[in-house]
Amino acid sequence: MILPFFSSSIMKRAVEKGIVEYEIVDFRDYSSGSYNKVDDLPYGGGAGMVLMPEPLSKAIEDRKSPSSRVIFPSPGGRLFNQEMAQELSREDDLLFICGHYEGLDRRIIDEYVDDEISIGDYVLTSGETASIVIIDALFRLIDGVISKDSLEDESFNSSLLEYDQYTRPERYCNSSVPSVLLSGNHALICSWRDDNRIAKTMHSRPDMLSEASLSLRMRRKLIKIIDEIGIEDL
């Protein structure tokens, strides 16, 4: 599940350039017994299986360095966001523990985990999927992975969503590209994009606006939108 992510697209180029290095560890290799058992029934009863502490502990001890930051993706963790992605992108060594079934023995979390992170209010079948989401969000922020221009106006920068994008053809499905984007007037285009970001955020994520860093002109635009739609509709 993990290998195709690291061997395709932007991540593949980052690995080939030496910007990102990775290692996939199968903690089943650290299990004892003929069947390499890594899970068992939960104490106290209940459905499902729990990952045993010993194989995980051995795998972590074998791979963990003094600079490692250990992350456990879990529905019970802090909610992941862009600010957290920026913080993690500055780390030199991240170690992800991928849970399965009913999760990990709590003693592993208490002993090793620095950050328990949730990618949303839902439950997945495996921690690999959640780990890939977190890694995808942060590795692109590392210098040299993609251009800084591509990051500048993205959603969640300045607590606003990104403006709408258009490309050729100029007319498609009875809808045309906004004329201002064809004008060549960069000042007007920037103004349209600011307005579009505010309108999109107001429509889809009004909760973000309380944290938004807005210029005086953009604040006036926000007030105008509120006046037009009515504060009771927010």
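Here are legends for close-up views of this predicted model.

**View 1. The largest nonpolar core and its best-connected residues.** This core has 25 residues. Those with the most contacts inside it are Phe5, Met11, Phe80, Leu88, Ile117, Ile134 and Phe139. Four elements each give two or more residues to the core: α1 (3-6), α2 (9-16), α4 (82-89) and α6 (127-139). Which of them gives the most? That's α6, with seven residues. As a general point, nonpolar side chains tend to be buried together in soluble globular proteins.

**View 2. Ile134 and the residues around it.** Let's zoom in on one residue of that core. Once you skip its neighbours within four places in sequence, Ile134 is in contact with Pro73, Phe80, Leu88, Phe96, Ile117 and Ile119. Apart from the largest core lies another one, of 16 residues. Ile60, Ile97, Ile108 and Val113 are among the residues of this other core.

**View 3. Ser131 in helix α6.** Is Ser131 buried or exposed? Ser131 has a relative accessible area of 3%, and buried means under 20%, so Ser131 counts as buried. Not counting residues up to four places away in sequence, Ser131 touches Pro73, Phe96 and Cys98.

**View 4. Helix α8 packed with helix α9.** Here α8 covers residues 186-204 and α9 covers residues 216-229. The two helices pack at an angle of about 45 degrees, and their axes are 10 Å apart. Because of that angle, α8 is oblique to α9. As for handedness, the crossing of α8 and α9 is right-handed.

**View 5. Who meets whom between α8 and α9.** From α8 come Ser191, Asp194, Asp195, Ile198, Ala199 and Met202. They meet Arg217, Met218, Lys221, Leu222, Ile225, Ile226 and Ile229 in α9. How many of the residues in this contact are nonpolar, polar and charged? Eight are nonpolar, one is polar and four are charged.

**View 6. Ile225 in helix α9.** Ile225 has a relative accessible area of 11%; the cut-off for buried is under 20%, so Ile225 is buried. Leaving out neighbours within four places in sequence, you'll find Ile225 in contact with Ile198, Ala199 and Met202. Those three residues belong to α8. For a sense of scale, look over to Val50: its C-alpha atom and that of Ile225 are separated by 51 Å. Along the chain, Val50 and Ile225 are 175 residues apart.

Key:
Residues are numbered from 1 along each chain as its sequence is written. This is a predicted model: local features need pLDDT of at least 70, side-chain atom pairs count only at pLDDT 80 or more; totals for chains, interfaces and linings use all residues. Side-chain values use heavy atoms; hydrogens and water are left out. A nonpolar core is a set of buried Ala, Val, Leu, Ile, Met, Phe, Trp, Tyr and Cys residues joined through side-chain atoms within 4.5 Å. Buried means under 20% relative accessible area, exposed over 50%, partly exposed in between (1.4 Å probe, protein chains only). Contact means heavy atoms within 4.5 Å. Axes are lines fitted to C-alpha atoms, for helices over the stretch in contact, and angles run from 0 to 180 degrees between N-to-C directions. Angles under 35 degrees count as roughly parallel, over 145 as roughly antiparallel, 65 to 115 as roughly perpendicular and the rest as oblique. A crossing is left-handed if the near helix is turned anticlockwise from the far one by less than a right angle, and right-handed if clockwise. Ala, Val, Leu, Ile, Met, Phe, Trp, Tyr, Cys and Pro count as nonpolar, Asp, Glu, Lys and Arg as charged, and the others, Gly among them, as polar.
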